[in-house]
Structures are given as C-alpha cells and as structure tokens.
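User: Hey, I've just been handed a structure I've never looked at before. Could you walk me through it?

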Amino acid sequence: MKLVVLALPAFISALLSSASPVHSHEKKALATVYRQCIAPKTVALTFDDGPFNYEADIVDALDAAGVKGTFFLNGKNYRCIYEAIAVAALQKAYKSGHQIASHTWAHLDLTELSASQITSEMQRTNTALQKVVGVTPAFVRPPFGSTNNNVRTVAASLNQTVALWNLDTEDWDGRSAKQIIAAYDSFSRGNPNSSIVSLGHSPLDVTAHQVLPSVISSLKQKGYTFVTFAECVGSNTPYLTIAKPGTRDNTWRC
Ligand SMILES: *[C@@H]1O[C@H](CO)[C@@H](O)[C@H](O)[C@H]1NC(C)=O
Ligand SMILES: *[C@@H]1O[C@H](CO)[C@@H](O)[C@H](O)[C@H]1NC(C)=O
C-alpha cells in the first residue's frame with residue numbers, strides 16, 4: 001500500500017516532465033489571420049508594397065470619394081521609407097484617416113526565414129513607422145501572403161494581427177485597368193453578400209490613376225460600406241502606440 005502511494009506521484013511527475021515541453025511549445029500564441037471582414041457587404045481597399053510614387057495620388061482619389069483605405073508598407077522595397085517623398089505621402093495618408101499597416105521590411109518570404117529574421121523584418125518596419133508617422137501598426141501583411149505558425153508566433157509576440165485578403169485584383173501581374181475593374185465586378189456578382197478585402201499595389205500607376213474612381217462608385221451603387229482593415233475585422237485598435245512622428249536624424253536610412 002505504501003509502495004503504491006509513493007509510486008503514483010512519481011509516475012505522474014515523470015509524465016508531466018516529459019509532456020510539459022511539448023505542451024508549452026504548442027501553447028505559444030499564434031496571431032489571428034484575417035482574410036475577410038466581419039460584416040457582410042463591407043469593403044476594405046488595401047494597397048501593398050509602398051512607399052513609391054503614388055501613395056499621395058491614391059489618398060487624393062480616396063478622399064475625393066470620401067472613403068478610407070489601408071496601406072501595407074514596406075521599409076525598403078520600391079523606395080526607402082525614410083525618403084522625403086515617402087515621409088510626406090505617409091503622413092498625408094495618416095492625417096486623412098487612412099490606415100497605416102506593416103508589409104514588413106524588404107518584402108521577403110517570411111516562411112523561409114528564422115524566427116529572429118522574421119522578428120527583424122517586422123520590428124524594423126514598426127520602428128520606421130513610429131519615426132515617420134508616429135504609430136506602431138497593429139496589423140501586418142506578410143509579403144506574398146506567405147504565412148505559417150512561425151510567422152504567426154512572431155507576429156503575436158509583437159502584438160500584431162495577420163492581415164490577408166479575399167480578392168486579389170492581380171494588378172501586380174500586369175492587368176489593365178479594365179481587367180482590374182472587372183475583377184471587382186466579378187467578385188461582387190459571384191459573392192453578393194460577402195465582404196471584400198481587395199489586394200492592390202500602390203506603386204502601380206494603373207491602380208493609382210485608373211481604377212479607383214470607377215471601382216468605388218460601382219461598389220457604392222451596389223450598397224457596400226467602405227472600411228479600413230481594422231474596422232473590417234471589428235477592431236478599434238489600428239495602432240498599438242500613437243505618438244508624434246520623430247524628427248529626421250541619421251537613423252532615418254535604409
Ligand atoms: C505586447 O502587449 C503586452 C501586454 O499589453 C505588453 O506587455 C508588451 O510590452 C507588448 N509587446 C510589444 C512588443 O509591444
Ligand atoms: C444575399 O442576402 C439577401 C438578403 O439577406 C438574400 O435575400 C439573398 O438570398 C442572399 N444571396 C446569396 C447569394 O446568398
């Protein structure tokens with residue numbers, strides 16, 4: 001009897017010690033991944049891969065139509081985020097109420113990187129957006145939409161949520177304005193009650209100058225409500241921190 005009483009706790013403790021490392025690994029927080037909005041018939045227009053030449057023009061087109069969009073920005077892709085033209089465009093977008101979000105630093109496929117490299121790609125962009133705009137983005141879109149549990153674990157460790165899309169306009173693949181406009185039309189006909197999170201690219205002339213007025217007026221006619229990505233997923237927290245932008249110094253370089 002005494003032996004059994006002694007043996008039982010030993011057995012349990014052996015079980016626990018072998019199980020606990022796996023258990024704690026599995027319990028690492030994973031960032032939520034969103035591909036669509038919570039409410040039907042809402043639309044989040046999103047623009048990846050800036051800054052380049054046209055963010056300010058996109059802001060003008062959105063403002064003229066009275067709708068908000070979301071920019072997922074790289075630190076160094078088409079242009080360095082610290083260049084004066086980029087700083088001005090991003091501050092303008094933020095002041096006009098458009099959402100500023102992260103597309104990570106150098107547009108790498110995060111699933112091919114180590115956890116510390118993923119952290120660096122995300123953190124460096126957050127730091128740049130703190131300096132340039134004054135905010136830490138709560139949402140991050142992995143380049144190519146390429147995500148896995150490592151990416152989600154790092155995003156969660158930075159308190160960020162992963163933002164994907166459900167309508168790829170394929171503007172990145174050389175589509176004409178007519179084809180891009182048709183992609184919105186076809187999606188909304190095929191999924192009349194769905195939300196739309198559209199993927200467009202702000203460095204593309206076609207997206208900045210030929211698509212938006214037509215798409216926005218058509219979606220308005222169909223009864224869609226325009227939202228930022230944060231609003232789209234029911235969050236009132238687009239930013240983890242909000243402060244004044246920094247002052248240019250010798251750390252503002254790519
Ligand atoms: C994430 O949020 C927690 C809880 O609010 C906070 O303690 C931590 O500092 C945050 N981490 C980052 C990187 O912002
Ligand atoms: C869309 O919603 C309307 C109104 O709720 C409903 O009558 C219609 O059947 C729905 N259409 C589809 C394709 O689900």
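Analyst: Sure, we'll start with the overall make-up and then go through some local details.

User: What should I know before we start?

Analyst: This is a predicted model, where local features need pLDDT of at least 70, side-chain atom pairs count only at pLDDT 80 or more, and totals for chains, interfaces and linings use all residues. Residues are numbered from 1 along each chain as its sequence is written, chains are lettered from A and ligands numbered from 1 in the order in which they are written, and side-chain values use heavy atoms, leaving out hydrogens and water.

User: Okay. How many helices and strands does the chain have?

Analyst: There are eight helices and 11 strands. Those are DSSP runs numbered from the N terminus, with helices being H or I of at least four residues and strands being E of at least two.

User: And what share of the residues is buried?

Analyst: Buried residues account for 44% of the 254 in the chain. Buried means under 20% relative accessible area, exposed means over 50%, and partly exposed is in between, using a 1.4 Å probe and protein chains only.

User: What about contacts along the sequence?

Analyst: Take the contacts between residues at least 6 apart in sequence: 80% of them join residues at least 24 apart. A contact here is heavy atoms within 4.5 Å.

User: Let's talk rings. How many aromatic pairs are there?

Analyst: Searching the whole structure turns up seven aromatic pairs. Rings of Phe, Tyr and Trp (its six-membered ring) pair if their centres lie within 6.5 Å; planes under 30 degrees apart are stacked, over 60 edge-to-face, and the rest tilted. One of the pairs is F52 with Y78, which is tilted, at 5.4 Å centre to centre and 45° between the planes. That pair links distant parts of the chain, 26 residues apart: F52 is in the loop between β2 (42–50) and α2 (55–65), and Y78 is in the loop between β3 (69–73) and α3 (84–95).

User: Why does F52 count as partly exposed?

Analyst: Because its relative accessibility is 22%. Y78 also counts as partly exposed, at 42%.

User: Got another pair?

Analyst: Yes, Y82 and W252 form a tilted pair, 5.7 Å centre to centre with 40° between the planes. Y82 sits in the loop between β3 and α3 and W252 in the segment after β11 (239–242), so this pair ties together parts 170 residues apart in sequence. Y82 is buried at 5% relative accessibility, and W252 is buried at 9%.

User: Back to F52 for a sec. Which residues form a cluster with F52?

Analyst: Y54 and Y78, and the three make one aromatic cluster. I85, in helix α3, is 33 residues from F52 in sequence and 8.3 Å away in space, C-alpha to C-alpha. Not counting residues up to four places away in sequence, I85 touches N53 and R79.

User: Anything odd in the backbone around there?

Analyst: The peptide bond from G50 to P51 is cis, with omega near 0°, and P51 is in the loop between β2 and α2. Most residues other than glycine have a negative phi, and most peptide bonds are trans. Going the other way on phi, K41 has a positive value near 60°, and N159 has one near 65°.

User: Where are those two?

Analyst: K41 is in the loop between β1 (33–34) and β2, while N159 is in the loop between α5 (149–157) and β7 (161–163). At 25% relative accessibility K41 counts as partly exposed, whereas N159 counts as exposed at 57%.

User: Which ring does K41 lie over?

Analyst: K41 lies over the face of Y224, 5.1 Å from the ring centre. For this, NZ of Lys or CZ of Arg must be within 6 Å of the ring centre and within 35 degrees of the ring normal. R141 lies over the face of F72 at 4.1 Å from the ring centre.

User: New topic: T42. Buried or exposed?

Analyst: T42 is buried, at 9% relative accessibility, and is found in strand β2. Leaving aside neighbours within four places in sequence, T42 is in contact with C37, S195, I196, Y224, T225 and V227.
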